[in-house]
Amino acid sequence: MRDWEALVEEHLGGLALEPAERADVIAELAAHLAETCEGLRKQGMTEEKAVQRTLSQVEDWQELRRRIQIARRKENIMTNRVKQFWFPSLLTLLLSMGLLMLIERLGPKPWVIAPDHKMGWSLIAPAAESTFLGYFCFL
Amino acid sequence: MIRAGIKRGTAELAILSVLESGALHGYEMARRIEEQTKGSLRFTLAALYPMLYRMEQRGWIRGAWEVSPSGRRRRCYRLTAAGKKKLSPLRKEWSELFSALRRLTKVSHA
C-alpha cells in the first residue's frame, strides 16, 4: 500500500502555512488520493494503473501549492492587518475626534480670524497655534 | 463536455448545491458532482481543494475532522448560514444566464 501522506508531504512540504495547518492540508489531500486509488481498485483497475490515474489528479504540484497558499492565507493576512493597523488607526481617529470635541467645548476659543483693513486677514489669538500644535503632538 | 472557463464559474454553485443535502468530505463531494452531472463536471484534487479553502475563508462552508466507521480521518465540509444565503442568488444568477443563452441560441437557429 502506497504512503500517500509521504508523497503529498514531499510535494507540499514547503507550504508557507502554520505547521498545524500545513499538516492538516497534507493529511486531507493524502486521504483524498488514498480514497481515489481505492475507488479505482474497486472498479477493477490494476494497482499500477490506479496509482497512475490517481497521480494524474495533480499535474503541477508547484501550482497547487501556490493556489492553496493564496486560498488559505489571504484572509489571515487581512485579519492581521485588521489587528495591527485598522483597529489602532480607528481607535486613534475616534480618540482624536473626542479630544477635539472636548477642546472645542472646554478649552480656549482662540481661532478667531478677522479681516484686517490694512493687511487683509490677521490671526487675532496667537494662543490658538500652541493649542493646535499641542493637539498634534498628543496624536 | 463543458469547457474550463464555464466550469470555473459554476464550481462554487456545484459545491454549495452538493453540500445542501448534508456534510461531505472532498472525495465524496467530487464523486457526487461527477455522478449527478453525468461526468460533465469533474473535479480533480488540484481543482477542488483550493476552491474549498477559498470558500471556507469566505465563510460559506466549514470543515471539521471526522472519523469514518472504518477509522479513516476525513475533513467534512458543511454549509454555513452564509453559504446557504449565497446559494439562492447564485442559482438565480446562473439560471438567468442559461435561460438567456437558450433564448439566444434559439434566435440564431431561427
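In this predicted model, B:Glu66 finds its bridge partner in β3(B), namely B:Arg74. One step along the ladder, so to speak, comes another such pair: B:Val67 is matched with B:Arg73 of β3(B). Both pairs belong to the antiparallel pairing of β2(B) with β3(B), which runs over 7 bridges. These two strands make up a hairpin with 5 residues between them, and in its turn B:Gly71 takes a positive phi of about 90 degrees.

Zooming out, the hairpin is part of an open sheet of 3 strands in chain B, ordered β1-β3-β2 and paired antiparallel. The edges are taken by β1 (24–25) and β2 (61–67) of chain B, each of which pairs on one side only. The sheet also has company from the other chain: helix α2 (residues 19–42) of chain A packs on it and touches β1, β2 and β3 of chain B. The direction of this chain A helix makes about 100 degrees with that of β3(B).

That brings in the interface as a whole. Chain A puts 23 residues into the contact and chain B puts in 19. On the chain B side, B:Tyr27, B:Leu45 and B:Tyr53 lose the most area to chain A, together accounting for 35% of what that side buries. Between them, the two chains bury about 2000 Å², with 56% of this on carbon and sulfur atoms.

Polar links cross the interface too. The count of residue pairs in polar contact between chain B and chain A is 11. As for where chain B makes its touch, α2 (26–36), α3 (45–57) and β3 (73–79) of that chain each supply at least two residues. The largest share is that of α3(B), with 9 residues. Sorted by class, the side of chain B that touches chain A holds 10 nonpolar, 4 polar and 5 charged residues.

Salt bridges show up both across and away from this interface. Between chain B and chain A there are 3 of them. One salt bridge joins B:Arg72 to A:Glu38, with the closest N and O atoms 2.6 Å apart. Over all chains, the count comes to 15. Within chain B, the side chains of B:Glu20 and B:Arg91 also meet in a salt bridge, at 2.7 Å from N to O. Here B:Glu20 sits in the loop between α1 (4–19) and β1 of chain B, while B:Arg91 is in helix α4 (residues 81–109) of chain B, so the pair ties together parts that lie 71 residues apart in sequence.

Technical notes. Residues are numbered from 1 along each chain as its sequence is written. Chains are lettered from A and ligands numbered from 1 in the order in which they are written. This is a predicted model: local features need pLDDT of at least 70, side-chain atom pairs count only at pLDDT 80 or more; totals for chains, interfaces and linings use all residues. Side-chain values use heavy atoms; hydrogens and water are left out. Contact means heavy atoms within 4.5 Å. Buried area is the accessible area (1.4 Å probe) that two parts lose on being put together, summed over both. A salt bridge is a side-chain nitrogen of Lys or Arg within 4 Å of a carboxyl oxygen of Asp or Glu. A polar contact is a pair of N or O atoms within 3.5 Å; within protein, one must be able to donate a hydrogen and the other to accept it, and residues adjacent in sequence count only if both atoms are side-chain atoms. Helices (H or I, at least four residues) and strands (E, at least two) are DSSP runs, numbered from the N terminus. Ala, Val, Leu, Ile, Met, Phe, Trp, Tyr, Cys and Pro count as nonpolar, Asp, Glu, Lys and Arg as charged, and the others, Gly among them, as polar. Two strands pair if DSSP finds at least two bridges between them. Axes are lines fitted to C-alpha atoms, for helices over the stretch in contact, and angles run from 0 to 180 degrees between N-to-C directions.
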